[in-house]
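Let's read a structure together, one feature at a time. Have the viewer open and follow along as the learner asks and the teacher replies.

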Amino acid sequence: MLIAADKFKGSLTAVQVAERVTAGLRRVVPDLAVASLPVADGGDGTVDAAVAAGFERREVRVAGPLGHELTAAFALRDGTAVVEMAEASGLQRLPAGVFAPLTASTYGSGELLRAALDAGARTIVFGVGGSATTDGGAGMLSALGARFLDAEGEPVTPGGEGLADLASADLSGLDPRFADVELVLASDVDNPLTGPKGASAVYGPQKGASPDDVEALDAALAHYAKVLENSVGAKAAQYAASPGAGAAGGIGYGALLLGARFRPGIEVMLDVLGFASALEKTTLVITGEGSLDEQTLHGKAPAGVAAAARAAGKEVVAVCGRLALQPQALGQAGIRRAYPLTEIEPDVAKCIADAGPILERVAERIGRDFLI
């Protein structure tokens, strides 16, 4: 039995999901051998998943999205670092109830990448998602040596709003170590930087951006890309239109300028975490996340786990808080059956508040259905 589930956002970490499922299964089969490999798709929880798989947790003081200093972590093992932008620049790093769509900066994410270089990383998996920012990665690049100046030769103000005043960009001071490092941009979204499917239009509202803010941010990002095109050439425009450029408020664009290679986050993480070898030792895989819905089918962790398991001839079931997919869609994704918490407790608020005990009861059902 292998448990390879993502977090239930707002309720349980991926590690806690595995613990609760294991407890429920062992109520049915007390001596059951269970392996757990918490997974993530590049968003928040990615470092925790790496640490659970045996990576060393490293902590460093960096700037948060509003410039305040905080402690953020990355994971390191055998020259490979897993860096999660949300650790420094995520929504969870903002004060409760506070949004800053125009001014939040990715500067701290750049500091995290630099810390990974300082720790000797030769490969960096840069997981992006859950950001508070829409600055196109300008803050990150600034922390790594780039200069973004206004018409008076002064640094533009932090955040996406400040990019509207950008007059010149100089990337010549970027940390030269990136030339010798494999940088992988791990994301579950493939949006371009700007336009109706871009960083601002699609993800700005969930960061507190009003319709006027969305329009202003999109224009600022387009201006930013144009100034960069004048500075570094046509590749800046190519990167802006590339899949993943719009990830995490456009930090994907900044990563591409650093030479990153874009890959679906869950594919990268399954490789890094050693999923293939764990899969060889099991016949049934339990995956899951808080909500199984249409988004799940587009690069989220359970879909990636199920695809890899199905390719290896393994059976997959899923646990979730709520289920919004029909059996046919689940089957096409490689998931034989899904077990939502709402089957046991229809009240969603109670499911969120008491997710752990309810998940154990769900796991008992799986045990009775598949192990007896």
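**Reading the features, step by step**

Q: Before we start, what kind of model is this?
A: It is a predicted model. With that in mind, let's look for empty space.

Q: How many residues line the largest pocket, and which lie nearest its centre?
A: First the general idea: rolling a probe the size of a water molecule over the atoms shows where empty space is left. Here the largest pocket has a volume of about 1100 Å³. Its lining is made up of 43 residues, and Asp-41, Asp-188, Glu-289, Gln-295 and Lys-300 lie nearest the centre. By class, the lining residues divide into 14 nonpolar, 16 polar and 13 charged.

Q: Which helices and strands each supply at least two residues of that lining?
A: Among the helices, α9 (247–257) and α14 (348–353) each do so. The strands β10 (261–264), β11 (284–292) and β12 (315–323) each do so as well.

Q: Now backbone angles. Which residue in the loop between β4 and β5 has a positive phi although it is not a glycine?
A: As background, most residues other than glycine have a negative phi. Asp-78 has a positive one, about 50 degrees, and it lies in the loop between β4 (69–77) and β5 (80–84). Asp-78 counts as exposed because its relative accessibility is 76%.

Q: And Ala-248: is it buried or exposed?
A: Ala-248 has a relative accessibility of 9%, so it counts as buried. Its phi is positive too, about 50 degrees, although it is not a glycine. You will find Ala-248 in helix α9.

Q: How do I read a helix such as α4, and how many of its residues are buried?
A: An α-helix has 3.6 residues a turn, so residues three or four places apart point the same way. Helix α4 (residues 107–118) has twelve residues and reaches 17 Å from first C-alpha to last, close to the 16 Å expected at 1.5 Å a residue. Nine of the twelve are buried, so α4 is largely enclosed by the rest of the structure. The buried residues include Leu-112, Leu-113, Ala-116 and Leu-117. After α4 comes Gly-120, with a positive phi near 95 degrees.

Q: What does α15 pack against?
A: The buried residues of α15 pack against α1 (14–28), β11, β12, β13 (337–340) and α14. Among those buried residues are Ile-358, Leu-359, Val-362 and Ile-366. The length of α15 (residues 355–370) agrees with expectation, because its 16 residues should span 22 Å at 1.5 Å a residue and its end C-alpha atoms are 22 Å apart.

Q: How many aromatic pairs does the structure hold?
A: There are two. Tyr-224 and Tyr-253 form an edge-to-face pair, 5.7 Å centre to centre with 80 degrees between the planes. This pair links distant parts of the chain, as Tyr-224 is in helix α7 (residues 211–232) and Tyr-253 in helix α9, 29 residues apart. Tyr-224 counts as buried at 0% relative accessibility, and Tyr-253 counts as buried at 0% too. Ring pairs also bring in Phe-148, making a cluster with Tyr-224 and Tyr-253.

Q: Which residues does His-223 contact, leaving aside its neighbours within four places in sequence?
A: Those contacts are Leu-163, Ala-164 and Leu-166. His-223 is found in helix α7 and is partly exposed, with a relative accessible area of 30%. For a sense of distance, His-223 and Gly-356 are 133 residues apart in sequence and 47 Å apart in space, C-alpha to C-alpha.

Key
Residues numbered from 1 in each chain as written. Predicted model: local features only at pLDDT ≥ 70, side-chain atom pairs only at ≥ 80, totals over all residues. Heavy atoms only, no water. 1 Å grid on protein atoms, 1.4 Å probe; cavity = no way out; pocket = protein on both sides within 12 Å on 5 of 7 lines; lining within 4 Å. Points joined across faces, edges and corners; volume = space filled by probe spheres on them. Helix = DSSP H or I, 4+ residues; strand = E, 2+ residues; numbered from the N terminus. Nonpolar A, V, L, I, M, F, W, Y, C, P; charged D, E, K, R; others polar. Buried < 20%, exposed > 50% of the residue type's maximum accessible area, 1.4 Å probe, protein only. Expected span 1.5 Å × (residues − 1). Phe/Tyr/Trp six-rings, centres within 6.5 Å; stacked < 30°, edge-to-face > 60°. Contact = heavy atoms within 4.5 Å.
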